[in-house]
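Work through the two exercises below with the model open beside the text, and compare each step of the solutions with your own reading.

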Amino acid sequence: MKISMIKVNKIKHFIPVKTAFWGAFALFAGFHASAQTVQSVKDPVEWVNPLMGTDSKVSLSNGNTYPAVATPWGMNFWMPQTNTMGNGWAYQYGADKIRGFKQTHQPSPWINDYGQFSIMPVTGKLRFQQDVRASWFSHKAEVAKPYYYSVYLADADVTTEITPTERAAQFRLTYPAADSSFVVVDAFDRGSYIKILPDEKKIIGYTTRNSGGVPENFKNYFVIYFDKPFTVAHAWNGDKLEKGVLELKDGHVGAIVGFKTFKGEKVHLKVASSFISFEQAELNLKRELANDAFDVTKQKAKDSWNKELGRLSPEGGTVEQVRTFYSCLYRSLLFPRKFYEYDAQNKVVHYSPYNGEVLPGYMFTDNGFWDTFRSQFPFLTLMYPELNSHIMEGLANTYKESGWLPEWASPGHRDCMIGSNSASLIADSYLKGIRGYDINTLYEGLLKNSENEGPLTSVGRKGVKYYNELGYVPYDVKVNENAARTLEYAYDDFTLYKLAIALKRPKEEIERFRKRSQNYRNLFDPETKLMRGKNKDGKFQSPFNPFKWGDAFTEGNSWHYTWSVFHDVQGLADLMGGRESFVEMLDSVFSMAPVYDESYYGGVIHEIREMQIANMGQYAHGNQPIQHMIYLYNYAGQPWKAQYWVRQVMDRLYHSGPDGYCGDEDNGQTSAWYVFSAMGFYPVCPGTDQYVFGAPLFPKMTVTMQDGKKLVIEAPGNSKENVYVQSVSLNGKAYTKNWISHADLQKGGVLKVAMGAQPEKTRGTKPAAFPYSYANEKK
């Protein structure tokens, strides 16, 4: 049994860390703790719990995550598969059997997976079907880290270990003494190929299984090398073992190879894949694994995580706060996925999930911008501008290859969610000074979006002709979620307005987007002070239930979407009758009962249930539309309420365990909210250079920018009770604004925030301190 030590209240306690829960964190490696606070973190990846959010199901999401064994933004992830082939909930914490270890590209259970295949050790009989080969396991004998996964398979008496690279991985399988030890390779159904090459101790194959968004020639080619000769080798087809057959192509094929093992013998597998060809898969394997031993690859993967996670270093928080922070930061660094490879000349190339060709340049995928434009992409823009530049090039390539900008890609266009929020990503990147990509091609794609519907409802702008002619998408013209579309299009038009100015576009074009950015006003109902669907004849839809989910809105109700005026909060406050009325409306979100009308869906969707059980009124943090709302108190002169509620959400709705989220995590968005909020500010309106203040979570946080400059956020006296900002200084000078600029953060320096137990009601109360609103720009 491994023993670690922690000082708690200055009394030494010994805590075992062999079990999965503790082993998954290696909690106390490389830091000092006193009085239950963590004073320094030297090995941040050991604080990550990849199992955070995995205790989820269709009816209730606590994250809807899986333990991704990966490198940051890796092309391939690996995961233990507890559920049946094709089930989006591929790993569920409450499961008790593992069916295989799957290479996955799944961004969410709702979108599901593509290009997947699995590897599974078995002993005894030739068992290859997914239910027959499945083995009992326990979390007590499971270790989950971002760079390493290990589990004991009880039925096989085999311990499986996995460690990844971006496009490859190594397996280490520890077998019992057995004459009949096997490895099953499952290429999955819907069209697959397998070939066993015993002389080379190698298996190759491809899988075509996908959930949509792929060209007809889509394949994920894989190669697997063993370090032990095969004494048994068979292909299988569906439920039938094809004895002695070494090559098969059919709907659902796989391989089973076997050998004799002695007790404790370790069999090593090296695995790589490619969306381009078998030759490219071999190249990926040789480039990323070479002759490295398992533990060398493991250390490299660990180093890759520590490099990125170490860019943010908190001090003085509780053990649980540090665990949760780094677990959220890990999720923020998984997507979008690198969907490119390096050819024999070491040039960046990609298989296009849009036209099926192999083309030069970057490509990224597995992202839904409806979720991630809000904080996950602004986080990458702030912390990883070089990566952001590559992502922008990938967006330009998508437009060139498909004729449309992506809004939900996995790996190609998917018909999911609303908006044309690529405008937010692109404008935010360019306006914050990131270059190195073809902005003119991207702008061309944005112009096309602003005037056209796409081949899918999620591409282009559904209802755009109504929007451009009437200033809103009507409720009664059979365009679903019309009010939500109107609000998001108006914000997107604001980002186009700002980008058009920066690109020195024609005045008429600038004016067009400026005017359209105010279209949100057309849906404001002065009677209820809420956003409301409007019919084509200009009359508000009736009857109107502001608690009705869906219908005019997207996965929310009017109380959630009314705040989606990111760019003109002052304008919204004016419509509501001024600052006092605006604050009363904000307060009401928390004071109302969590009532709901689910009739549009015909049943209670999981997002509704997650709001209901959170005990925070109508505040539905488990879904994205309202996640910025708390920060809007800063625009109305009552920033202390933002400070209070941000801390309430962090303390009550997040923790590092398997049920640690309060809804879908969604490609880093809900995690990035936590990461930003822990720093003490949040990007309410991407497309401006401002981050709106909340309050720091930790007494100290050191943030290292890409160029090496350090921003030190000091909040002495910060504690569970001291959640209110008393004063702020930047590099020794008093700072009175309720926001801080991107430029100031990038310069580094010291942002000092004095904290207290009582609200400071004189700071940030005057309009001069308020963040940007379009309405103030025109005054």
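Two exercises follow, on a helix pair and on a group of strands.

This is a predicted model, in which local features need pLDDT of at least 70 and side-chain atom pairs count only at pLDDT 80 or more, while totals for chains, interfaces and linings use all residues. Residues are numbered from 1 along each chain as its sequence is written, and side-chain values use heavy atoms, with hydrogens and water left out.

**Exercise 1.** Determine how helix α18 and helix α19 are oriented to each other, and which residues make their contact.

Solution. Begin with the axes, lines fitted to C-alpha atoms over the stretch in contact, with angles from 0 to 180 degrees between N-to-C directions; helices are DSSP runs of H or I with at least four residues, and strands are runs of E with at least two, numbered from the N terminus. The axes of α18 (residues 639-653) and α19 (residues 669-679) come within 11 Å and cross at roughly 130 degrees. Angles under 35 degrees count as roughly parallel, over 145 as roughly antiparallel, 65 to 115 as roughly perpendicular and the rest as oblique, and α18 and α19 are therefore oblique to each other. The contact (heavy atoms within 4.5 Å) joins Val 646, Val 649 and Met 650 of α18 to Trp 673, Tyr 674, Ser 677 and Ala 678 of α19.

**Exercise 2.** Establish in which sense β41 pairs with β37 and with β38.

Solution. Strands pair if DSSP finds at least two bridges between them. Strand β37 (residues 710-714) runs parallel to β41 (residues 749-756), joined by four bridges, and Leu 711 stands opposite Gly 749 of β41. With β38 (residues 724-730), β41 pairs in the antiparallel sense over six bridges; here Leu 730 stands opposite Leu 751 of β41.
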